[in-house]
Amino acid sequence: MKAVDCIIRNARVAGTGNVRDIEITDGIISSITESSQAGAKDIIDAEKRLVCPPFVDPHLHLDAALTVGNPDFNRSGTLQEGIRLWGEYKKNLSIEDIKSRAYRAITWMVSQGTTFVRSHVDVSEPALTGVKALTELKSELKGIVDIQLVAFPQDGIFTFPEGKALLEKSLAMGIDVVGGIPHNELTREDGIKDVELVFALAEERDLLIDIHCDETDDDQSRFLETVAALTIKKGMEGRVTASHTTAMHSYNNAYTIKLIGNLARAGMHIIVNPFDNSILQARGDSYPKRRGITRVDELLAGGVNIAVGHDSILDPWYPLGRGNMLHALNLLIHIAQLAGYDELVSAIDLITGRAALLLNIQDRYGIEEGKPADLIILDAADEFEAVRLMPECLYVMRSGKVIARTEPSYSTVELSRGREVVDLNFHS
Ligand SMILES: [Zn+2]
């Protein structure tokens, strides 16, 4: 009998509907089989629960996480007050402060199934403290939690004299992705220059791109078309992401149809951030109020890759959050009206495979023989139940090692038919 390190028995393998045994050897998924006959030191019985690759959070601001209430709570709940409060907070940043808050946020996220994170880091701050702190944390967590860092010019690149130099300097400090914020520049012309500089820097250093793009309700904010055009002209298909793109909600249909065609041709990725944008957008509207979300259904139908980000955890922009990607996805399902059955069962792709594609980690991500044994076991029978119940994540495994474990909770009731344990799974 061959020996393997671990067998996960009775795993409902995500995306297949099949119940299988997963054998793990030397940190790799060595076999996925109907019934394993191997011997193993460790055996985990998944009891037909859903086993999928760990969640990916492709858009987070770790440097601002867990700062809510300091120096004050956001009393108006607006983006502008959030930026002002963060501007106050960042005058006193220290490496220790950022690392301890970010580490704590990551423990929350890992315990709920996320082990791949793309975090933006503010590079508008003269000492680049955030970059130093998060690059240190990234190497400390190497192989356990993969952190990609985006240089994010929060205050704009051309709005103050040092903006461009700070962005360029940060890229030599362990940054993986170049970011921009064209809609925050002083003029439309500067917004175009912002995008052009991001592409030039990414090309020069062979980095990915992720731009905060058109995060406004202004239907005239149209930097996304420039991002798509440069992606096509420079042959950077697959390497470029635009985050938020909330202005698209308000574009006219003739313009949007053309734009979505170009985004698909460019192989671009779009990230939606339902927590922050549902709260921050359309603040200038009276009633009816628009939804602060890009056109998710039309983009998916047009062949554009979409993923969901958590964006904020307890920061000046979003005062809630616990680092749970299923919660973010569940909110998006509601506000983007992804309630068709096929949309519901495939929704989990928006925080797994589709997000992995955008991070460019697809070669080493997924429940497949030969790939690293990175997986989670959710307390749910299948994909439908995962998005409905937002269940606990019972096991989180990286390279065959269990790095987080949660005891499943249960309730009992005593009604007219005696005492029973409640099973919230509708499918089982
Ligand atoms: Zn953001």
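The following exchange explains how several descriptions of this predicted model are reached.

User: What makes the overall size of the protein chain agree with that of a compact globule?

Analyst: The comparison rests on the radius of gyration. A compact globule of 428 residues would have a value near 22 Å, and the protein chain has 22 Å, so the two agree. Along the principal axes, the C-alpha atoms fill a box of roughly 65 × 50 × 45 Å. Of the 428 residues, 51% count as buried.

User: How many helices and strands does the protein chain have, and what share of its contacts with a separation of 6 or more comes from residues 24 or more positions apart?

Analyst: The protein chain has 13 helices and 18 strands. Residues 24 or more positions apart account for 74% of those contacts.

User: How do you know which residues belong to each domain, and where do the two domains touch?

Analyst: The bounds come from a domain assignment, which gives domain 1 as 3–53 + 366–412 and domain 2 as 55–363. The C-alpha centres of domain 1 and domain 2 lie 30 Å apart. The contact between them takes 17 residues from domain 1 and 19 residues from domain 2. On the side of domain 1 that touches domain 2, the elements that give two or more residues are α13 (383–389), β15 (393–398) and β16 (401–405). Of these, α13 gives the most, with four residues. By class, that side of domain 1 has 11 nonpolar, three polar and three charged residues.

User: Why is Glu343 called partly exposed?

Analyst: The class follows from a count of neighbours: 20 or more other C-beta atoms within 10 Å would make a residue buried, and 12 or fewer would make it exposed. Glu343 has 16 other C-beta atoms within 10 Å, so this residue is partly exposed. Glu343 has its place in helix α11 (residues 341–346). Its C-alpha atom is separated by 9.7 Å from that of Phe384, which is 41 residues away along the chain.

User: Why can the buried residues of helix α6 be placed on the same side of the helix?

Analyst: In helix α6 (residues 223–233), the buried residues are Phe223, Leu224, Val227, Ala228, Leu230 and Thr231. These residues cover an arc of only 165° around the axis, and therefore they are on the same side of α6. What covers them includes α5 (188–205), β10 (208–213), β11 (240–244) and α7 (253–265). After α6 comes Gly235, whose phi is positive, near 65°.

User: What makes β1 and β4 a pair of strands, and which other strands pair with β1?

Analyst: Two strands pair if at least two bridges are found between them. Strand β1 (residues 3–13) and strand β4 (residues 39–45) have six bridges and run in the parallel sense; Cys6 has Asp42 as its bridge partner in β4. With strand β2 (residues 19–25), β1 pairs in the antiparallel sense over five bridges, and the partner of Ile7 in β2 is Glu23. Five residues lie between β1 and β2 in their hairpin, where Gly15 in the turn has a positive phi of about 85°. Strand β5 (residues 50–52) is joined to β1 by two bridges, and these strands run parallel. In β5, Leu50 stands opposite Arg12.

User: What makes β6 and β13 the edge strands of their sheet?

Analyst: The open sheet holds eight strands with parallel pairing, in the order β6-β7-β8-β9-β10-β11-β12-β13. Both β6 (55–60) and β13 (305–308) pair on one side only, and this identifies them as the edge strands. The partner of β13 is strand β12 (residues 269–272), joined to it by four bridges in the parallel sense. Within this pair, His269 stands opposite Asn305.

User: How do you know that β17 and β18 pair, and how many residues join them in the hairpin?

Analyst: At least two bridges are needed for a pair, and four join strand β17 (residues 412–415) to strand β18 (residues 418–421). The two strands run antiparallel, and Glu414 stands opposite Arg419 in β18. The hairpin joins β17 to β18 through two residues.

Notes: Residues numbered from 1 in each chain as written. Predicted model: local features only at pLDDT ≥ 70, side-chain atom pairs only at ≥ 80, totals over all residues. Arc of directions from axis to C-beta. Contact = placed C-beta atoms within 7 Å. Rg over C-alpha atoms; globule rule 2.2 N^0.38 Å. Domains from an automatic or database assignment. Nonpolar A, V, L, I, M, F, W, Y, C, P; charged D, E, K, R; others polar.
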